[in-house]
Amino acid sequence: MSTAMYEHIRTIVPEKRLIFNEPMSRHTTFRVGGEAECIVIVQTTEELSQIISYLTKLEQDYFILGNGSNLLVGDKGYRGVIVKLGPHMSAIRVQKDHIAVGAGALLSKVASAARDSGLSGMEFAAGIPGSIGGAIVMNAGAYGGEMKQIVQMVRVMDKEGEILTLDNDTMEFGYRTSIIRDRPFTVLGAVLKLNPGNKEEISAKMEELMKQRKSKQPLEYPSAGSTFKRPDGHFAGKLIMDAGLRGYRIGGAQVSEKHCGFVVNTGGATAADIRELIEEIRERVLDRFHVRLEPEVIFLGDF
């Protein structure tokens with residue numbers, strides 16, 4: 001980062017919220033990744049607007065970071081600016097059968113707030129290790145539920161720092177996608193529409209889904225959740241298993257023996273190990289079944 005850029009950013013956020021040469025392994029659920037040249041922690045929409053518009057004007061690469069749950073950062077790090085949403089952009093406010101949430105709020109915390117308020121519809125998301133912002137971008141889902149079913153309105157910011165409001169139809173939600181995947185928008189927050197329910201029943205459903213996750217998913221290892229999108233007419237995990245890749249490993253990266261749809265860090269994996277394993281899986285499945293697996297994981301930085 002140039003001195004001029006540093007001095008300008010310091011006029012937007014205090015120096016204590018600038019972190020330099022920070023290992024991204026501390027900020028991703030894979031627990032791998034080289035250093036980010038600079039992380040800027042923003043606490044308000046105004047700060048975010050000023051940062052984004054400034055970096056856009058400079059044509060400086062940047063990445064908006066939530067919980068890092070679907071992200072693989074290269075071992076050589078990221079030379080752009082990581083803009084991390086701080087705690088003040090993670091607010092959760094329950095208003096009758098609606099919940100207004102900041103983009104940085106964890107899905108698990110929003111699901112718990114919904115349960116505590118006797119609101120049903122978020123149970124599917126309780127065990128997804130991501131933030132609201134990332135979940136909306138990719139229309140996260142599990143166990144028959146998805147964000148599309150509960151999102152009423154989304155507030156986004158464009159690259160000029162202007163704020164727009166998008167309704168559910170405008171979001172163009174699809175399987176693991178939304179309009180934001182192809183637009184230069186940053187999610188600021190959303191309003192979720194839920195249904196009144198019984199707290200005990202909601203809690204019981206969340207506990208049952210968590211038991212299913214623990215029994216079927218390798219939660220004991222760092223990962224990014226499901227590594228691949230579900231291909232039409234198939235299940236990624238079964239294709240990988242049928243390709244003989246259960247337990248297959250490169251370095252510290254391994255195809256989970258519990259669920260072949262997960263690539264896990266068994267300890268000491270590098271980002272290069274994980275990326276190489278992902279590409280090997282894709283090649284093997286394509287060669288054998290003529291199905292092209294598409295990663296859910298976002299690759300960022302230099303590998």
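I will walk through a pair of helices, two groups of strands, and two residues with an unusual backbone angle.

Please keep in mind that this is a predicted model, in which local features need pLDDT of at least 70 and side-chain atom pairs count only at pLDDT 80 or more, while totals for chains, interfaces and linings use all residues. Residues are numbered from 1 along each chain as its sequence is written, and side-chain values use heavy atoms, with hydrogens and water left out.

Let me start with the helices, which, like the strands, are DSSP runs numbered from the N terminus (H or I of at least four residues for helices, E of at least two for strands). Helix α1, residues 3–12, packs on helix α2, residues 45–58, at an angle of about 160°, and their axes are 10 Å apart; the axes are lines fitted to C-alpha atoms, for helices over the stretch in contact, and angles run from 0 to 180 degrees between N-to-C directions. That angle makes α1 roughly antiparallel to α2, a label for angles over 145 degrees. Where the two meet, with contact meaning heavy atoms within 4.5 Å, α1 contributes Ala-4, Met-5, His-8, Ile-9 and Ile-12, and α2 contributes Glu-47, Gln-50, Ile-51, Tyr-54, Leu-55 and Leu-58.

Turning to the strands, two of them count as paired if DSSP finds at least two bridges between them. Strand β11, residues 151–157, pairs with β13, residues 186–193, in the antiparallel sense over 6 bridges, and Val-154 has Ala-190 in β13 as its bridge partner. β11 is also joined to β12, residues 163–167, by 5 bridges, again antiparallel, with Val-156 partnered by Leu-164. β11 and β12 form a hairpin with 5 residues between them, and Gly-161 in that turn has a positive phi of about 90°.

Further along the chain, an open sheet of 3 strands has the order β15-β16-β17 with antiparallel pairing, and its edge strands, β15 and β17, each pair on one side only. Helix α7, residues 271–289, lies across β15, β16 and β17, running at about 30° to β16.

Which residues have a positive phi although they are not glycines? One is Asn-21, at about 50°, and another is Arg-176, at about 55°. Asn-21 sits in strand β1, residues 18–23, and counts as partly exposed at 46% relative accessibility, whereas Arg-176, in the loop between β12 and β13, is buried at 12%; here buried means under 20% relative accessible area, exposed over 50%, and partly exposed in between, with a 1.4 Å probe and protein chains only.

Notes
Parallel < 35°, antiparallel > 145°, perpendicular 65-115°, else oblique.
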